[in-house]
Amino acid sequence: IFSKSDNETELTANIEKYLSQYVNECMKLKVFGELPISTIFRIIDHSSIEKVDMTSLVDFIIDSATTR
C-alpha cells in the first residue's frame, strides 16, 4: 500500500488550489477531463461559484460522461 508523503499531499493541494483559480480555462482542456473525478471535484469545489461558467461546466460534464 502506497501512501503520499506530507510533501506530496501539500504539493497536490497547492496545484489543485492554483487550478481552481483557472477552472473555466481548465474545463476547456481535454487533459483536464483525464484527471480523476475526485480531483476534478476538489478543483471545482474550491473555485468561486460566482466565477464558474455554468455553461462550460455543463458542457464539460456532458462531454466527460460520454468518455468515462
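These are my notebook entries on the largest pocket and the aromatic pairs of this structure, which is a predicted model.

**Entry 1, the pocket.** I looked up the largest pocket first and noted a volume of about 260 Å³. Its lining is made up of 13 residues, and those that lie nearest the centre are Lys30, Gly33, Phe60, Asp63 and Ser64. I then asked which element gives the most to this lining. It is helix α4, residues 54–67, which contributes six residues. Sorting the lining residues by character, I wrote down six charged, four polar and three nonpolar.

**Entry 2, the aromatic pairs.** I turned to the rings next and found a count of two aromatic pairs. In one of them, tyrosine 18 and tyrosine 22 have ring centres 5.1 Å apart and planes at 45°, and the pair is called tilted because this angle is neither under 30 degrees, as for stacked, nor over 60, as for edge-to-face. I also checked tyrosine 22 for exposure, and with a relative accessible area of 36% tyrosine 22 is partly exposed.

The other pair, phenylalanine 32 with phenylalanine 60, is tilted as well, with 5.4 Å from centre to centre and 50° between the planes. Where in the chain do phenylalanine 32 and phenylalanine 60 sit? Phenylalanine 32 is in the loop between α2 (23–27) and α3 (37–45), while phenylalanine 60 belongs to helix α4, so the pair links distant parts of the chain, 28 residues apart.

**Entry 3, buried or exposed.** I looked up both phenylalanines against the cut-off for buried, which is under 20% relative accessible area. Phenylalanine 32 has 3% and therefore counts as buried, and phenylalanine 60, at 10%, counts as buried too.

Methods:
Residues are numbered from 1 along each chain as its sequence is written. This is a predicted model: local features need pLDDT of at least 70, side-chain atom pairs count only at pLDDT 80 or more; totals for chains, interfaces and linings use all residues. Side-chain values use heavy atoms; hydrogens and water are left out. On a 1 Å grid over the protein atoms alone, a cavity is a set of points where a 1.4 Å probe fits but cannot get out, and a pocket is an open set with protein on both sides within 12 Å along at least five of seven lines; lining residues have an atom within 4 Å of a point. Grid points are joined across faces, edges and corners, and a volume is the space filled by probe spheres set on the points. Helices (H or I, at least four residues) and strands (E, at least two) are DSSP runs, numbered from the N terminus. Ala, Val, Leu, Ile, Met, Phe, Trp, Tyr, Cys and Pro count as nonpolar, Asp, Glu, Lys and Arg as charged, and the others, Gly among them, as polar. Rings of Phe, Tyr and Trp (its six-membered ring) pair if their centres lie within 6.5 Å; planes under 30 degrees apart count as stacked, over 60 as edge-to-face and the rest as tilted. Buried means under 20% relative accessible area, exposed over 50%, partly exposed in between (1.4 Å probe, protein chains only).
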